[in-house]
Amino acid sequence: MLIRVFRAKPKPGRDEELARLIQAVSIPFVDREPGVVGRFTGRGIGAAGDEIVMISIWDDLESMKRMTGEDWESEVIPDERLAERIDSCSVAHYQTFE
């Protein structure tokens with residue numbers, strides 16, 4: 001299984017809007033994908049500030065590629081309204097220990 005960690009820093013003053021859009025758009029977008037084993041989404045506390053993180057667990061790389069396409073090491077922003085509210089974002093991938 002694979003772990004995909006997406007992190008987004010909202011533009012100043014846009015954190016509430018971004019959080020609402022993630023709930024309305026990004027969460028359903030990821031959850032409906034075949035091969036998703038689980039997904040956790042949260043907002044930063046303490047030193048993490050207003051960052052938002054989405055951690056998704058996938059059966060395998062091929063399952064994840066159905067969502068990301070061949071450029072699986074890049075961020076997927078499923079709606080332009082999200083991009084307008086994100087200051088910076090990143091994605092990282094991990095192989096689970098079996």
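## Fold and overall dimensions

Read along the sequence, the elements of the protein occur in the order β-α-β-β-α-α-β. The secondary structure thus described comprises three helices and four strands. The model is a predicted one.

The protein has a radius of gyration of 13 Å, which agrees with the value near 13 Å that a compact globule of 98 residues would have. The C-alpha trace spans about 40 × 30 × 20 Å along its principal axes. Among contacts with a sequence separation of 6 or more, 70% join residues that are 24 or more positions apart.

## Surface, burial and charge

The accessible surface of the protein amounts to about 5,900 Å², and carbon and sulfur atoms contribute 52% of this area. Of the 98 residues in the protein, 36% are buried.

The protein carries 13 positive and 19 negative side chains. The centres of these two sets of charges are 5 Å apart.

## The largest nonpolar core

The largest nonpolar core contains 18 residues, and those that touch the most other members are Leu 18, Ile 22, Val 30, Met 54, Trp 58 and Leu 82. Two or more residues of this core come from each of strand E1 (2-10), helix H1 (15-31), strand E3 (52-58) and helix H2 (61-68). Helix H1 provides the largest share, eight residues.

Leu 82 illustrates how one such core member is surrounded. With residues up to four places away in sequence left aside, Leu 82 touches Leu 18, Leu 21, Ile 22, Val 25, Ser 26 and Ile 77. Two of these partners, Leu 18 and Ile 22, are themselves listed among the core residues that touch the most other members.

## Helix H2: Ser 63 and Glu 62

Ser 63 is located in helix H2. Its relative accessible area is 4%, and because this is under 20%, Ser 63 counts as buried. Beyond residues up to four places away in sequence, Ser 63 touches Pro 34, Gly 35 and Trp 58. Of these, Trp 58 is one of the residues in the largest nonpolar core that touch the most other members.

Glu 62 also belongs to helix H2. In contrast to the buried Ser 63, Glu 62 is partly exposed, at 48% relative accessibility.

## Strand E2: Arg 39

Arg 39 is part of strand E2, which covers residues 36-43. With a relative accessibility of 23%, Arg 39 is classed as partly exposed.

The contacts of Arg 39, not counting residues up to four places away in sequence, are with Ile 27, Val 30, Asp 31, Met 54, Ile 55 and Ser 56. Val 30 and Met 54 in this group also appear among the core residues that touch the most other members. Arg 39 and Trp 58 are 19 residues apart in sequence, and their C-alpha atoms are separated by 9.0 Å.

## The loop after H2 and helix H3

Val 76 is placed in the loop between H2 and helix H3 (80-83). This residue is partly exposed, with a relative accessible area of 23%. Leaving out residues up to four places away in sequence, Val 76 touches Arg 4, Phe 29, Met 67 and Thr 68. Although Val 76 and Phe 6 are 70 residues apart along the chain, the distance between their C-alpha atoms is 8.9 Å.

Glu 80 is found in helix H3. Its relative accessible area of 54% makes Glu 80 exposed, because the class begins over 50%. From C-alpha to C-alpha, Glu 80 is 16 Å from Thr 68, at a separation of twelve residues in sequence. Between Glu 80 and Glu 62, which are 18 residues apart in sequence, the corresponding C-alpha distance is 25 Å.

Methods: Residues are numbered from 1 along each chain as its sequence is written. This is a predicted model: local features need pLDDT of at least 70, side-chain atom pairs count only at pLDDT 80 or more; totals for chains, interfaces and linings use all residues. Side-chain values use heavy atoms; hydrogens and water are left out. The radius of gyration is taken over C-alpha atoms; the globule rule is 2.2 Å times the number of residues to the power 0.38. Buried means under 20% relative accessible area, exposed over 50%, partly exposed in between (1.4 Å probe, protein chains only). Contact means heavy atoms within 4.5 Å. Accessible areas come from the Shrake-Rupley method with a 1.4 Å probe; for residues, only the protein chains shown count as cover. Lys and Arg count as positive and Asp and Glu as negative; His and the chain ends are not counted. The place of a charge is taken as NZ of Lys, CZ of Arg, CG of Asp or CD of Glu. A nonpolar core is a set of buried Ala, Val, Leu, Ile, Met, Phe, Trp, Tyr and Cys residues joined through side-chain atoms within 4.5 Å.
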